[in-house]
Every structure is written in structure tokens, then in C-alpha cells.
Amino acid sequence: MLEKWLVRHWKALCSGCILTGIAIRIAYAERGYMAFGSEWLIIPVAFAIERFARNKSRSRGKRCRTMNRSGRS
């Protein structure tokens, strides 16, 4: 089950981890100490963007199929 989830969401997971790592290093360089800030929200935001994009593409696909059935292109 975990493997299936990883395969399905690998793009968001990889991009979120890379961007979070970069943001943490920048925040540490600016602050001078490790803290829990908004840079840790990059991974959940990456998953939210992925979900929005998947839902958008699914709704676009449904709309195209219904238009083709009615005779319009």
C-alpha cells in the first residue's frame, strides 16, 4: 500500500523534499539557528498543488468526453 502511494505521488514528494531542503538552508543562513517556520509547509503545499492539478485534469477529461458524445467537438 505504501509503495503504491509512493509511485502515485513521487513527483510531489521529490519536488517538495528538494524545495524544503533548499528553503531550510536559506532560513538557517538568515536566522542563524534552526527553527520550525513556514518553510516546512512546502511539502504539504506540493501535495495540494498535485491534487488540484489531478482534479483539474480529470474534470477536463470528463468534459471532453461528454462533448464528443453529444456530437460537438
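In which helix does Ile18 lie? In this predicted model, Ile18 belongs to helix α2, which covers residues 10-31. The helix comprises 22 residues and extends 31 Å between its first and last C-alpha atoms, close to the 32 Å expected at 1.5 Å a residue. Immediately after α2, Gly32 adopts a positive phi of about 90°.

The two sides of α2 may be considered in turn. Its buried residues are Ala12, Gly16, Thr20, Ala23, Ile24 and Ala27. Viewed down the axis of α2, these buried residues fall within an arc of 110°, and therefore they line one face of the helix. On the other side of α2, the exposed residues are Lys11, Ile18, Arg25 and Ala29.

Ile18 thus deserves a second look. Its relative accessible area is 55%, and because exposed means over 50%, Ile18 counts as exposed. Together with Leu19, Ile22 and Ile26, Ile18 forms a nonpolar patch on the surface. The accessible area of these four residues together is about 390 Å².

The cysteines remain to be described. The structure contains zero disulfides. Cys14 takes part in no disulfide, and the nearest cysteine sulfur, that of Cys17, lies 6.9 Å away. A disulfide requires two cysteine sulfur atoms within 2.5 Å, so the separation of 6.9 Å between the sulfur of Cys17 and that of Cys14 is too far for a bond. Cys14 is partly exposed, at 40% relative accessibility, and Cys17 is likewise partly exposed, at 40% relative accessibility.

Technical notes. Residues numbered from 1 in each chain as written. Predicted model: local features only at pLDDT ≥ 70, side-chain atom pairs only at ≥ 80, totals over all residues. Heavy atoms only, no water. Patch = residues over 30% accessible without salt bridge, like charges linked within 9 Å, V, L, I, M, F, W, Y side chains within 5 Å. Areas by Shrake-Rupley, 256 points an atom, 1.4 Å probe, with all protein chains shown as cover. Salt bridge = Lys/Arg side-chain N within 4 Å of Asp/Glu carboxyl O. Helix = DSSP H or I, 4+ residues; strand = E, 2+ residues; numbered from the N terminus. Buried < 20%, exposed > 50% of the residue type's maximum accessible area, 1.4 Å probe, protein only. Expected span 1.5 Å × (residues − 1). Arc of directions from axis to C-beta.
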